[in-house]
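Here are some notes to read alongside the model. Take the points one at a time, and keep the structure open while you go.

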Amino acid sequence: MATPPPKVVVVMPAYNAGRTLRMTYEELPKDTVNLVILVDDGSTDATLEVARDLGLEIFVHDKNYGYGANQKTCYTEALKAGADIVVMVHPDYQYDPTLVPKIIEPLTQGDADLVLGSRLRGGSAVQQGMPWWKYVANRFLTGVENTAFGLHLSEYHTGYRAFSKDALDAINFRMNSDGFVFDQEIVAQVVANGFRIAEIPVPVRYFPEASSASFSASCVYGFKILWVVARYLLHRTGIKRSRRLGSIKGRYSRLGRPGLPPSADPR
């Protein structure tokens, strides 16, 4: 009997994405994607109206909790839906939705557990519109993270990502920040638990409707990333172990009712 294809769930962490959501959704390859889940983080525009019109699976936060909080709901609901592969696609149309088959390929072939869509491979991100100061900061922080994690990736700060179910099941992503640094915390967890990371080149679009953090917010974000790296190194060397970086898989098992072997438990 042939092995069934993996269930691919696209998650969209949305906040005021009403102007770009339809464009993003329409370019998703429907023959690859089994389910699209949108989590609205307290939008004040037409995001929910557009999502309902498109027939998406929708979850709504009662207020704006933050980008990390949104991802926590995204991954939790995708796992509940039986996802084998979870792809985060920002509904702001900054990343190319048609590349979903490409970004999941290392997962379906068993070569990776997390795939990052890199803006810095195969072309000039600055020519595509990335501010020069953001490019310089990206290069510096990526170098720091590569040194700490023992990897050779071109960038870590992309919002285009695909996870295997096994990776999401094992890491304690619910303990992470509710803010933007969640992106780097979850990468540190993937590395700490021995999962494999791959990357593919992706083009990126910069325009007013696509989200872009200010210079001051990016500086704060950068310092938070350095703290994530420091916490990872303390954990890896055993100086200060972190529950956040430990595995949650296998912490307990079901034994069944007293007097019965687990296989005989009728529940």
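## Notes on the fold, from one helix outwards

1. Let us begin with N70. This residue is buried, with a relative accessible area of 3%, well inside the 20% limit under which a residue counts as buried. Please keep in mind that the model is a predicted one. N70 sits in helix α3. Setting aside residues up to four places away in sequence, N70 touches P13, A14, V39, D40, D41 and H61.

2. One of those partners deserves a visit of its own. P13 belongs to strand β1 and is buried, at 9% relative accessibility. Beyond its neighbours within four places in sequence, P13 is in contact with V39, Y67, N70, C74, M88, V89, H90 and P91. You can also try a distance here: the C-alpha atoms of P13 and K72 are 9.5 Å apart in space, while the two residues are 59 apart in sequence.

3. Further along the helix, look for E77. Is this residue buried or exposed? E77 counts as buried because its relative accessibility is 16%, and the limit for that word is 20%. E77 is also in helix α3. If neighbours within four places in sequence are left out, its contacts are I37 and F59.

4. Now take α3 as a whole. Of its 14 residues, 13 are buried, so the helix is largely enclosed by the rest of the structure. Its length can be checked too: at 1.5 Å a residue, 14 residues should span 20 Å, and the end C-alpha atoms of α3 are 20 Å apart, which agrees. After the helix comes G82, with a positive phi near 85°.

5. Two other residues have backbone angles to look at. Most residues other than glycine have a negative phi. N16, which is not glycine, has a positive phi near 50°, and Y93, also not glycine, has a positive phi near 70°. N16 is in the loop between β1 and α1 (21-26), whereas Y93 is in the loop between β4 and α4 (100-108). Their surroundings can be set side by side: N16 is partly exposed, with a relative accessible area of 31%, while Y93 is buried, at 13%.

6. Step back to the whole chain for a moment. The protein chain has eight helices and seven strands. Of its 267 residues, 50% are buried. What share of the contacts between residues at least 6 apart in sequence join residues at least 24 apart? The share is 74%.

7. Next comes the nonpolar interior. The largest nonpolar core has 36 residues, and those with the most contacts inside it are V11, Y75, F149, L168, F173, I186 and I197. Several elements each supply at least two residues of this core, among them β1 (8-14), β2 (35-40), α3 (67-80), α5 (132-149) and α8 (215-237). Which helix gives the most to this core? That is α7, with six residues.

8. I186 is a good place to explore that core. Leaving out its neighbours within four places in sequence, I186 is in contact with Y75, R161, F163, L168, I171, F173 and N176. There is also a second, separate core of 32 residues, which includes M12, L28, V115 and I200.

9. Empty space is worth a look as well. The structure holds one cavity of 30 Å³ or more, and the largest cavity has a volume of about 40 Å³. Its lining consists of E185, A188, V228, R231, Y232, R244 and L245. By class, that lining has four nonpolar, no polar and three charged residues. Helices α7 and α8 each supply at least two residues of the lining, and α8 gives the most, with three.

10. Last, try the second largest pocket, which contains about 160 Å³ of space. Its lining is made up of P6, D84, I85, L107, G110, A112, D113, S164, K165, D166 and R196. How many of these residues are nonpolar, polar and charged? The lining divides into four nonpolar, two polar and five charged residues.

Notes: Residues numbered from 1 in each chain as written. Predicted model: local features only at pLDDT ≥ 70, side-chain atom pairs only at ≥ 80, totals over all residues. Heavy atoms only, no water. Core = buried A, V, L, I, M, F, W, Y, C linked by side-chain atoms within 4.5 Å. Buried < 20%, exposed > 50% of the residue type's maximum accessible area, 1.4 Å probe, protein only. Helix = DSSP H or I, 4+ residues; strand = E, 2+ residues; numbered from the N terminus. Contact = heavy atoms within 4.5 Å. Expected span 1.5 Å × (residues − 1). 1 Å grid on protein atoms, 1.4 Å probe; cavity = no way out; pocket = protein on both sides within 12 Å on 5 of 7 lines; lining within 4 Å. Points joined across faces, edges and corners; volume = space filled by probe spheres on them. Nonpolar A, V, L, I, M, F, W, Y, C, P; charged D, E, K, R; others polar.
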